[in-house]
Amino acid sequence: MKKIVYLIVLLTPLFSCVGKRSAERLAGEKDSLSVALAAKDSVINEVFASLNDIAENLNAIKVRENIITTAVGNGEIRKQATVQIGEDIEEIDRLLQSNRETIARLERSAARLKKADVKVASLEKLIGEMSAQVEAKDAEIAALRKDLKKLNVEVEELHTQVSGLGTEVDSLNRAKNRLEGEVKTRDDLLSVAYYIVGSQKELLEKEIVYKSGFIGRTLKINENRSLDSFTQVDIRNFDEVIIGKRDVVLVSSHPAGSYEFVMNDNRVFSSLVITDRDKFWEYSKVLVISYK
């Protein structure tokens, strides 16, 4: 009995030492596991953050693509529109480059998770799909750049055509103004007439008229007369000639019904009134009135 008690006394410190070492080993393993789990959580958080960045970029790309599609669909090929489309394409390219960098981070994260014995098959599949999406967008960007280059050429051609049309319009306007000027000049010339009211003696002396007919009783207008003594008028706003004489004779030829003499109570011809301008000046643009 004493031997057994003595043996227990001897072994007690040994058991105590062994138990202490086991507890320390378990605590160390627990700490290592906690660190590993924390690392896995960090990687998983990075994965979700990367996926969120890619989703946001894809939404931004979709918005830019819709803007370009709308602009082209509406036929907005003004120079300003092509500049905006070019800027949108560059922004899409930048977003795609950002996605490529994010996918590269995802691939590294997947490799770390795989090394930590975390199943990443679904993540690897998602990364592959995103990579394929980026490649497809790259092809679309290349096609858009090609279309934009063609569009720029078309816009320049249109600007050239518009410039040419502007030159033609300017030329036509100048021709129109010239023709209008010529028409006005012609109308002004056609609207010029001359008149004179003078005594028979005065008109004969100035060789504006001459006597003709039986014993020279009829006055005729001299075709070689000078117009220096005449008054020039614009027939478009000339309707009346003031006379104020008796025994008046209308020497020049004017259609009946296109004029009338106005006589006052003293039997003096106060004026000749033109009642039909076009008809009155039809035969002659020279009006000669003689009195004795």
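**Exercise 1.** Find the partner of Glu202 in a salt bridge, then decide how open to the surface each of the two residues is.

*Solution.* Start with the side chain of Glu202 in this predicted model. Glu202 forms a salt bridge with Lys206, and their closest N and O atoms lie 3.1 Å apart. That passes the test, because a salt bridge needs the nitrogen within 4 Å of the carboxyl oxygen. Next, look at accessibility. Glu202 has a relative accessible area of 27%, so it counts as partly exposed. Lys206 comes out at 39%, so it is partly exposed too. Why can such pairs form? Side chains of opposite charge can pair when their charged atoms come close.

**Exercise 2.** Work out which residues are linked with Arg236 in a network of salt bridges.

*Solution.* Step one: take Asp234. Its side chain meets that of Arg236 in a salt bridge, at 2.8 Å from N to O.

Step two: take Asp188. Here the side chains of Asp188 and Arg236 meet at 2.9 Å, N to O, in a salt bridge. This pair ties together distant parts of the chain: Asp188 sits in helix α3 (residues 121-190), while Arg236 is in the loop between β4 (231-234) and β5 (240-245), 48 residues apart.

Step three: put the pairs together. Asp188, Asp234 and Arg236 are linked in a network of salt bridges.

Step four: check how open the members are. Asp188 has a relative accessible area of 26% and is partly exposed. Asp234 is partly exposed at 24%. Arg236 reaches 40%, which means partly exposed again.

To finish, how many salt bridges does the structure hold? The count is five.

**Exercise 3.** Find the residues that touch the most other members of the largest nonpolar core, and follow one of them to its neighbours.

*Solution.* Begin with the core, which has 17 residues. The ones touching the most other members are Phe238, Val241, Leu272, Trp281, Leu287 and Ile289. Now ask where the core's residues come from. β1 (192-199), β5, β6 (248-250), β8 (269-274) and β9 (286-291) are the elements that give two or more residues to it.

Then pick Ile289. Leaving out residues up to four places away in sequence, Ile289 touches Ile196, Val197, Gly198, Leu203, Val241, Ile243, Val248, Val249, Leu250 and Leu272.

Last step: look elsewhere. A second, separate core has 16 residues, among them Ile89, Ile103, Ala110 and Leu123.

Conventions. Residues are numbered from 1 along each chain as its sequence is written. This is a predicted model: local features need pLDDT of at least 70, side-chain atom pairs count only at pLDDT 80 or more; totals for chains, interfaces and linings use all residues. Side-chain values use heavy atoms; hydrogens and water are left out. Helices (H or I, at least four residues) and strands (E, at least two) are DSSP runs, numbered from the N terminus. Buried means under 20% relative accessible area, exposed over 50%, partly exposed in between (1.4 Å probe, protein chains only). A nonpolar core is a set of buried Ala, Val, Leu, Ile, Met, Phe, Trp, Tyr and Cys residues joined through side-chain atoms within 4.5 Å. Contact means heavy atoms within 4.5 Å.
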